[in-house]
Amino acid sequence: MKRAAAILPLLALAACAHGPAPEPEVRIQEVIVERPIACVPDNLKVAPVYPDTDEALAAAADASARYALLWAGRLLRAARADEVEPVISKCREAAQ
């Protein structure tokens with residue numbers, strides 16, 4: 001009992017000496033998180049079926065028919081390049 005009586009004033013003194021809790025320090029920290037970028041937009045069309053396949057060229061009736069198949073394939077490839085090249089450029093810009 002004497003020990004409890006001796007410890008009680010020490011506990012009371014320690015509680016008074018502690019004082020109020022300090023205000024919390026608020027810090028704002030910027031965290032940069034890299035997220036993957038989808039380079040292929042949803043509205044990009046699927047590549048067309050090109051008419052100048054090896055099989056189609058081999059089955060063509062004559063040189064004129066082969067030429068027509070090659071010309072049609074060239075036009076489709078040029079149109080596809082016009083669609084795809086801006087997408088590739090934007091993707092490269094975003095990656096830098």
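Buried means under 20% relative accessible area, exposed means over 50%, and partly exposed lies in between, with a 1.4 Å probe and protein chains only. By this scale R66 is partly exposed, with a relative accessible area of 35%.

The model is predicted, so that local features need pLDDT of at least 70 and side-chain atom pairs count only at pLDDT 80 or more, while totals for chains, interfaces and linings use all residues. Residues are numbered from 1 along each chain as its sequence is written, and side-chain values use heavy atoms, with hydrogens and water left out.

**Figure 1. Overview of the protein, a model with three helices and zero strands.** Read along the sequence, the pattern is α-α-α, where helices (H or I, at least four residues) and strands (E, at least two) are DSSP runs numbered from the N terminus. Of the 96 residues of the protein, 6% count as buried. The accessible surface comes to about 9,100 Å², of which carbon and sulfur atoms account for 62%; accessible areas come from the Shrake-Rupley method with a 1.4 Å probe, and for residues only the protein chains shown count as cover. Among contacts (heavy atoms within 4.5 Å) between residues at least 6 apart in sequence, 61% join residues at least 24 apart.

**Figure 2. Close-up of D52 and R77, whose side chains meet in a salt bridge.** The separation from N to O is 2.9 Å, and a salt bridge is defined here as a side-chain nitrogen of Lys or Arg within 4 Å of a carboxyl oxygen of Asp or Glu. The pair links distant parts of the chain, since D52 lies in the loop between α1 and α2 whereas R77 belongs to helix α3 (residues 63-95), and their positions lie 25 residues apart in the numbering. The loop that holds D52 runs between α1 (2-18) and α2 (54-59). D52 is buried, with a relative accessible area of 14%, whereas R77 is partly exposed at 39%. The two side chains also make a polar contact at 2.9 Å, a term that stands for a pair of N or O atoms within 3.5 Å, of which, within protein, one must be able to donate a hydrogen and the other to accept it, and for which residues adjacent in sequence count only if both atoms are side-chain atoms. Leaving out residues up to four places away in sequence, D52 touches L57, L69, L70, G73 and R77.

**Figure 3. Close-up of R77 and the ring of Y50, over which the charged end of R77 sits.** The charged end of R77 is 4.2 Å from the centre of the Y50 ring; a charge sits over a ring if NZ of Lys or CZ of Arg is within 6 Å of the ring centre and within 35 degrees of the ring normal. A search of the whole structure for aromatic pairs, by contrast, finds zero, where rings of Phe, Tyr and Trp (its six-membered ring) pair if their centres lie within 6.5 Å, and planes under 30 degrees apart count as stacked, over 60 as edge-to-face and the rest as tilted.

**Figure 4. Close-up of T53, a residue of the loop between α1 and α2.** T53 is partly exposed, with a relative accessible area of 33%. A polar atom of the T53 side chain lies 3.1 Å from the backbone nitrogen of A56. The C-alpha atoms of T53 and G73 are separated by 8.7 Å, although the two residues are 20 residues apart along the chain.

**Figure 5. Close-up of R66 in helix α3.** Leaving aside neighbours within four places in sequence, R66 is in contact with L57 and A60. The C-alpha atoms of R66 and D52, 14 residues apart along the chain, are separated by 7.9 Å.

**Figure 6. Close-up of E83 and R80, whose side chains meet in a salt bridge within helix α3.** The distance from N to O is 3.4 Å, and the two residues are three residues apart, about one turn of the helix. E83 is partly exposed, with a relative accessible area of 30%, whereas R80 counts as buried at 17% relative accessibility. R80 touches L44, K45, V46, A47, P48 and Y50, not counting residues up to four places away in sequence.

**Figure 7. Close-up of E25 and R27, whose side chains form one of the three salt bridges that the structure holds.** The E25 and R27 side chains meet at 3.2 Å, N to O, and both residues are exposed.
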